[in-house]
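Reader: I have a fold open on my screen and would like to know what stands behind the labels people attach to it. Could you take me through the reasoning?

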Amino acid sequence: MKKQHVLREKILIIIFSMLIIIPVSGLAQNGFLVTQCETEEEVIALIDTVLLYNVDSAFKQNISFTGNPNSVGYFTNGGIFNFTETTGIALTTGYSGYLDHSNTCSAANASANMGGSSDPDLNTMTGMQTFDAVIIEFDINRLSNSVFLNYVFGSEEYHDYVNSQFNDAFGFFLSGPGIDGPYTNNAINIATVPGTDTPVSVNTINCGKQTLFCTAPPGNGPNCDLLVDNTDNTQGSFNQFVLDAFTKPLNAVGEIQGGEWYHIKLAIGDVGDAVFDSGILLEKGSIVANPFDFQVLTCESEEDVINIVDTVLLSNVYADNKKNISFKGDPQAVGYFYGGDFLGLHADQGIVLSNGLVNYIPDVNQCNTGANASANNGGLITEPDLKQLSGG
């Protein structure tokens, strides 16, 4: 069957002010809303301030984008996807502004040939030519032993093109120290079906081929339990999201070496032809170490301490407005912490100082077993201001 190219008009306005994105009313009539980007600069600002929201400026660099800016948008009110955070970035092989339209399940509601190029890593991963590729890339230094992304994959290829050559796919390509894979820069793909090395695509997560429009798929496809059928017009997502099916939230997790720089490439593309769009929803701030892990990276030198004071504690202070940063004490009593959501601070990352050794801090507390954190570090014997404050 030859796919038909469907065109739609879209009028949206995006306002960027002080790196805050303000969505203006679009065509969606329900809660879920996508504000479409118009320029590469808007896409990069979204990556920096939304996807990398939880990454300090000192630990992210070289943000870039390849593709049509209209294929990227900022989504809000994404509760239908069961994310913890209901905002984030949408990447699609068509117009991102289509995503918040109602599904009709009787034809292709999201099908646009954007004239985009292919991506060599997606080609290698799928064994097919890709089209309309949308790619975001950046370097990141996590200071922890893992990198994490929460995402949802959806496609207009569901369910009528299951098990065909139109196997649209998504890749999370991770490269850097200790990684040796088959993709560019020896990268590996960590966007895989949970518990396997199988890439996430239409043919690897589906519920079988649909025989009639507006009828449920047979339910016999691989990893069907991970897929949400969006062709049932009685469910809430049908009127809010245009694609015929989408996955439950999936986690991409990669093991890295703390303190080293890694390159991340997120790519989605049409496979086999340039129409019938697919999309990825990336949860705001989910490019982090596993959010359930509280991690502390211990400083090893005075220079380490001064560096994190400058780039973390004083990250929002212009260089001309800060000077004479100094440190006294044992450097191992200072560290950079991450994953501190439970602490109730404005941010979940920052600097920790201890009168012991900070490598003890992320350990599990054990009640009734004595002191779990008790170490005599190599710090100063006394400090006059603290002595006066404590009265002894």
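Author: Happy to; what follows is a talk about salt bridges, strands, loops and surface patches in this predicted model.

Reader: Let's begin with charges. How many salt bridges does the structure hold?

Author: There are four salt bridges in the structure.

Reader: What makes the contact between Asp119 and Lys265 a salt bridge?

Author: The cut-off is a side-chain nitrogen of Lys or Arg within 4 Å of a carboxyl oxygen of Asp or Glu. For the side chains of Asp119 and Lys265, the N to O distance is 2.7 Å, so the pair meets the 4 Å limit. This pair links distant parts of the chain, 146 residues apart: Asp119 sits in the loop between strand 6 and helix 2, and Lys265 in strand 14 (residues 261-271).

Reader: And what makes Asp121 a salt-bridge partner of Lys265?

Author: The closest N and O atoms of Asp121 and Lys265 are 2.8 Å apart, and the limit is 4 Å. Asp121 belongs to helix 2 and Lys265 to strand 14, so this pair ties together parts that are 144 residues apart in sequence. Asp119, Asp121 and Lys265 are thus linked in a network of salt bridges.

Reader: Why are Asp119, Asp121 and Lys265 called buried?

Author: Buried means under 20% relative accessible area. Asp119 has 2% relative accessibility, so it counts as buried. Asp121 is buried too, because its value is 4%. Lys265 has a relative accessible area of 9%, so the label buried fits it as well.

Reader: Which residue meets Lys322 in a salt bridge?

Author: That is Asp310, with 2.7 Å from N to O. Asp310 is in helix 3 and Lys322 in the loop between helix 3 and strand 17, so the pair ties together parts that are 12 residues apart in sequence.

Reader: Are Asp310 and Lys322 buried or partly exposed?

Author: Partly exposed lies between the 20% and 50% cut-offs. Asp310 comes to 28% relative accessibility, so it counts as partly exposed. Lys322 is at 21%, so it is partly exposed too.

Reader: On to the strands. Why do strand 4 and strand 10 count as edges of their sheet?

Author: The sheet is an open one of five strands, in the order 4-7-14-9-10, with antiparallel pairing. Strand 4 (60-66) and strand 10 (188-189) each have a single partner strand, so one side of each is left without a neighbour in the sheet.

Reader: How do you know that strand 4 and strand 7 pair?

Author: Pairing needs at least two bridges. Five bridges join strand 4 to strand 7 (residues 130-141), and the two run antiparallel. Lys60 stands opposite Ile140 of strand 7.

Reader: What makes strand 5 mostly covered?

Author: Five of the five residues in strand 5 (residues 72-76) are buried. Val72, Tyr74 and Thr76 point one way, Gly73 and Phe75 the other way, and all are buried. In a regular strand the side chains alternate between the two faces of the sheet.

Reader: Which strands pair with strand 5?

Author: Strand 3 (residues 33-36) pairs with strand 5 in the antiparallel sense over four bridges, and Gly73 is the bridge partner of Gln36. Strand 6 pairs with strand 5 over four bridges, again in the antiparallel sense, with Ile89 as the bridge partner of Tyr74.

Reader: Why is Val242 called buried?

Author: Val242 has a relative accessible area of 0%, so it counts as buried. Val242 is found in the loop between strand 11 (227-229) and strand 12 (245-247). From Val242 to Asn109 the C-alpha atoms are 6.5 Å apart in space, while the two are 133 residues apart in sequence.

Reader: Finally the surface. Which residues form the nonpolar patch?

Author: Phe342, Leu343 and Leu345 form it, with about 330 Å² of accessible area together. Patch residues need over 30% relative accessible area. Leu343 has 41%, and is therefore partly exposed.

Reader: And which residues form the negative surface patch?

Author: Glu300, Glu302, Glu303 and Asp304 do. Glu302 lies in helix 3 (residues 302-313) and counts as partly exposed because its relative accessibility is 39%.

Key:
Residues are numbered from 1 along each chain as its sequence is written. This is a predicted model: local features need pLDDT of at least 70, side-chain atom pairs count only at pLDDT 80 or more; totals for chains, interfaces and linings use all residues. Side-chain values use heavy atoms; hydrogens and water are left out. Patches are made of residues with over 30% relative accessible area and no salt bridge: like charges are joined within 9 Å, nonpolar side chains (Val, Leu, Ile, Met, Phe, Trp, Tyr) within 5 Å. Accessible areas come from the Shrake-Rupley method with a 1.4 Å probe; for residues, only the protein chains shown count as cover. Lys and Arg count as positive and Asp and Glu as negative; His and the chain ends are not counted. The place of a charge is taken as NZ of Lys, CZ of Arg, CG of Asp or CD of Glu. Buried means under 20% relative accessible area, exposed over 50%, partly exposed in between (1.4 Å probe, protein chains only).
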